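Work through the following exercises with the sequence and the structure in view. Attempt each task before reading its solution.

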Amino acid sequence: MAKILKPGKVALITRGRFAGKKIVILQNIDQGTKAHPFGHAVVAGVERYPLKVTKSMGAKRIAKRSRVKPFVRVVNYNHLMPTRYALELDNLKNLVNAETFKEPSQRSAAKKVVKKTFEEKYQTGKSAWFFTPLRF
């Protein structure tokens, strides 16, 4: 059977604090580890989506409304729902991994890198679906 949850795949979180938020899988661990004895994935997601921007807004207001608040977590496979979309984040795959969560300073540094990457992706205009909230 083909593996669906692989790095670069966009998925939705179905349980917990970030339920209904979109994430991209950065690293998957199928066998589990001592700390997490189940199949899980290291993910980066969008906690707060960018707001709507119109043509009449000024540059300062557009910059403020284009901000993205990310999160970085380890999530059980049972709480992920894969989508047909993929997002290429080659620079994040090496930076954010299971070792990132050992110290709070590493986690905050990883979130800053993810934020910068997500905002660059949003500015290009591609992958627009990823940066819009789900309506349900």
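**Exercise 1: A charged surface residue**

Arg 48 has a relative accessible area of 54% and is exposed. The model is a predicted one.

Task: Determine in which strand Arg 48 is found, and which residues gather with Arg 48 in a patch of positive charge.

Solution.
Step 1. Arg 48 belongs to strand E3, which covers residues 40-48.
Step 2. Exposed means a relative accessible area over 50%; the 54% of Arg 48 therefore qualifies.
Step 3. On the surface, Arg 48 gathers with Lys 60, Lys 64 and Arg 67 in a patch of positive charge.

**Exercise 2: An aromatic pair**

Task: State how many aromatic pairs a search of the whole structure finds, and classify the pair of Phe 118 and Phe 131.

Solution.
Step 1. The search of the whole structure gives 6 aromatic pairs.
Step 2. In the pair of Phe 118 and Phe 131, the centres are 6.0 Å apart and the planes stand at 80°. Planes over 60 degrees apart count as edge-to-face, and this pair is edge-to-face.
Step 3. Phe 118 lies in helix H3 (residues 104-124) and Phe 131 in the segment after H3, so the pair ties together parts that are 13 residues apart in sequence.

**Exercise 3: Buried rings**

Task: Decide whether Phe 118 is buried or exposed, and do likewise for Phe 131. Then name the members of their aromatic cluster.

Solution.
Step 1. Buried means under 20% relative accessible area. Phe 118, at 0%, is buried, and Phe 131, at 2%, is buried.
Step 2. Phe 130 and Phe 131 also form an edge-to-face pair, because their centres are 5.1 Å apart and their planes are at 85°. Phe 130 is buried.
Step 3. One aromatic cluster is formed by Phe 118, Tyr 122, Phe 130 and Phe 131.

Technical notes. Residues are numbered from 1 along each chain as its sequence is written. This is a predicted model: local features need pLDDT of at least 70, side-chain atom pairs count only at pLDDT 80 or more; totals for chains, interfaces and linings use all residues. Side-chain values use heavy atoms; hydrogens and water are left out. Patches are made of residues with over 30% relative accessible area and no salt bridge: like charges are joined within 9 Å, nonpolar side chains (Val, Leu, Ile, Met, Phe, Trp, Tyr) within 5 Å. Accessible areas come from the Shrake-Rupley method with a 1.4 Å probe; for residues, only the protein chains shown count as cover. A salt bridge is a side-chain nitrogen of Lys or Arg within 4 Å of a carboxyl oxygen of Asp or Glu. Lys and Arg count as positive and Asp and Glu as negative; His and the chain ends are not counted. The place of a charge is taken as NZ of Lys, CZ of Arg, CG of Asp or CD of Glu. Helices (H or I, at least four residues) and strands (E, at least two) are DSSP runs, numbered from the N terminus. Buried means under 20% relative accessible area, exposed over 50%, partly exposed in between (1.4 Å probe, protein chains only). Rings of Phe, Tyr and Trp (its six-membered ring) pair if their centres lie within 6.5 Å; planes under 30 degrees apart count as stacked, over 60 as edge-to-face and the rest as tilted.
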